[in-house]
Amino acid sequence: MTINKSSGGDFILVGFSDQPQLEKILFVLVLISYLLTLVGNTAIILVSCLDSALQTPMYYFLTNLSFVDICFSTSIVPQLLWNLHGPAKTITATGCAIQLYVSLALGSTECVLLAVMAFDRYAAVCRPLHYATVMHPRLCQSLAGVAWLSGVGNTLIQGTITLRLPRCGNHKIYHFICEVPAMIKLACVDIHANEVQLFMASLVLLLLPLTLILVSYGYIAQALMRLRSALTWGKALGTCGSHLLVVVLFYGTSTAVYIHPNSSYAHSQGKFITLLYTVVIPTLNPLIYTLRNKDVKGALKRLVRKDSSTGKKILSR
């Protein structure tokens with residue numbers, strides 16, 4: 001397939017243009033996935049806000065995660081669908097910069113937010129009697145604020161440094177989004193320092209939160225081993241299992257791209273790995289939390305019954 005030449009300072013997102021048949025399939029799959037992301041995560045936000053039984057720290061953080069996923073997908077998918085559907089593969093310089101800043105901020109926020117959620121699970125399992133005291137509303141708001149500020153701070157530093165690199169007229173991005181690892185490859189200067197900076201930032205925002213998550217679950221496992229109660233194990237798996245699955249999916253894919261951006265695996269499979277954590281995982285998150293969580297399923301049923309009963313009352317008048 002021929003790719004339209006960029007006009008002026010526009011960038012060309014090569015994406016999957018070398019596989020036109022795959023583009024048609026991906027367009028349908030990505031569109032369905034995006035719609036499910038919007039519906040699933042919006043449902044979790046509404047249920048968590050409207051059901052009084054879910055007014056807890058766990059669901060406060062889950063609401064933040066769902067909002068991040070909606071915004072994260074929206075910063076990437078509409079442009080991806082446009083490029084997959086038609087011959088034009090261009091994105092304006094302003095659009096590329098906005099996508100880079102917003103997606104990087106939200107991705108970084110999710111990294112820290114998942115660590116915060118692990119701490120919440122640690123407090124719930126290891127400090128059950130003091131849980132309400134430890135996870136008071138002000139601390140929850142502060143932890144969520146730290147996650148958002150970390151994301152904003154990281155994107156302002158990394159994004160600005162990346163966009164200021166001289167490109168000497170290079171506008172062809174061999175990816176489907178404007179992402180730091182792909183953007184720095186356009187530079188016509190030595191980018192070793194930038195790659196080191198990207199690696200260090202990735203260590204802080206990927207491996208440090210992951211370490212905190214592993215430590216939290218280490219303490220949780222120790223507490224469960226001491227109790228040796230099947231009921232307690234089942235309850236802990238119900239609340240922690242969903243979070244652990246999301247952590248494995250998100251960190252497993254994003255680490256492959258950001259920790260080793262120059263590895264042969266990241267280079268050849270990078271677009272497909274990125275597709276997983278930008279499109280697929282935001283779709284799976286609400287399904288994982290809903291299917292494995294009796295509280296959310298119960299709240300959804302109560303909300304549906306409430307709406308149906310309200311509708312019947314209006315019709316009977």
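In this predicted model, Asp120 forms a salt bridge with Arg121. Their closest N and O atoms are 2.8 Å apart. That spacing falls inside the 4 Å limit for a salt bridge. Side chains of opposite charge can pair when their charged atoms come close. Neither partner is out in the open: both Asp120 and Arg121 are buried.

By the same rule, the count comes to two salt bridges. Lys89 pairs with Glu23 in a salt bridge of its own. Here the closest N and O atoms are 2.8 Å apart. Lys89 sits in the loop between α3 (77-85) and β2 (90-91), while Glu23 belongs to helix α1 (residues 20-50), so the pair ties together parts that are 66 residues apart in sequence. Lys89 is buried, and Glu23 is buried too.

The overall fold can be described next. The protein has 11 helices and three strands. Read from the N terminus, the elements follow the order β-α-α-α-β-α-α-α-β-α-α-α-α-α. Of the 317 residues in the protein, 47% are buried.

The UniProt record adds an annotation. Its unreviewed entry lists residues 25-47, 59-78, 98-119, 199-220, 232-252 and 272-291 under "transmembrane region". Two of these stretches can be compared with the model. Residues 25-47 are 100% helix and 0% strand. The end C-alpha atoms of residues 25-47 lie 33 Å apart. Residues 59-78 are 90% helix and 0% strand. For residues 59-78, the end C-alpha atoms are 28 Å apart.

Ser75 falls within the annotated stretch 59-78. Its place in the model is the loop between α2 (57-74) and α3. Ser75 has a relative accessible area of 16%, which is under the 20% limit, so Ser75 counts as buried. Ser75 and Tyr101 are 26 residues apart along the chain. Their C-alpha atoms are separated by 9.6 Å.

Leu81 lies in helix α3. With a relative accessible area of 11%, Leu81 is buried because its value is under 20%. Leu81 and Tyr34 are 47 residues apart along the chain. A separation of 9.9 Å is found between their C-alpha atoms.

Cys168 shows a backbone feature. Its phi is positive, at about 55 degrees, although Cys168 is not a glycine. Cys168 is placed in the loop between α6 (137-163) and β3 (172-173). The relative accessibility of Cys168 is 58%, so Cys168 passes the 50% limit and counts as exposed.

The surface carries a nonpolar patch. Leu276, Val280, Leu284 and Leu287 make up this patch, with an area of about 280 Å². One of these residues, Val280, lies in helix α10 (residues 264-291). Val280 has 31% relative accessibility, between the 20% and 50% limits, so Val280 counts as partly exposed. A value over 30% is also needed for a residue to join a patch, and Val280 has 31%.

A patch of positive charge is also found on the surface. Lys294, Lys297, Lys301 and Arg305 gather there. Arg305 is part of helix α11 (residues 294-316). At a relative accessible area of 52%, Arg305 counts as exposed because the value is over 50%.

Note on methods
Residues are numbered from 1 along each chain as its sequence is written. This is a predicted model: local features need pLDDT of at least 70, side-chain atom pairs count only at pLDDT 80 or more; totals for chains, interfaces and linings use all residues. Side-chain values use heavy atoms; hydrogens and water are left out. Patches are made of residues with over 30% relative accessible area and no salt bridge: like charges are joined within 9 Å, nonpolar side chains (Val, Leu, Ile, Met, Phe, Trp, Tyr) within 5 Å. Accessible areas come from the Shrake-Rupley method with a 1.4 Å probe; for residues, only the protein chains shown count as cover. A salt bridge is a side-chain nitrogen of Lys or Arg within 4 Å of a carboxyl oxygen of Asp or Glu. Lys and Arg count as positive and Asp and Glu as negative; His and the chain ends are not counted. The place of a charge is taken as NZ of Lys, CZ of Arg, CG of Asp or CD of Glu. Helices (H or I, at least four residues) and strands (E, at least two) are DSSP runs, numbered from the N terminus. Buried means under 20% relative accessible area, exposed over 50%, partly exposed in between (1.4 Å probe, protein chains only). UniProt positions are given in the numbering used here, feature names are shortened, and annotations may be inferred rather than shown by experiment.
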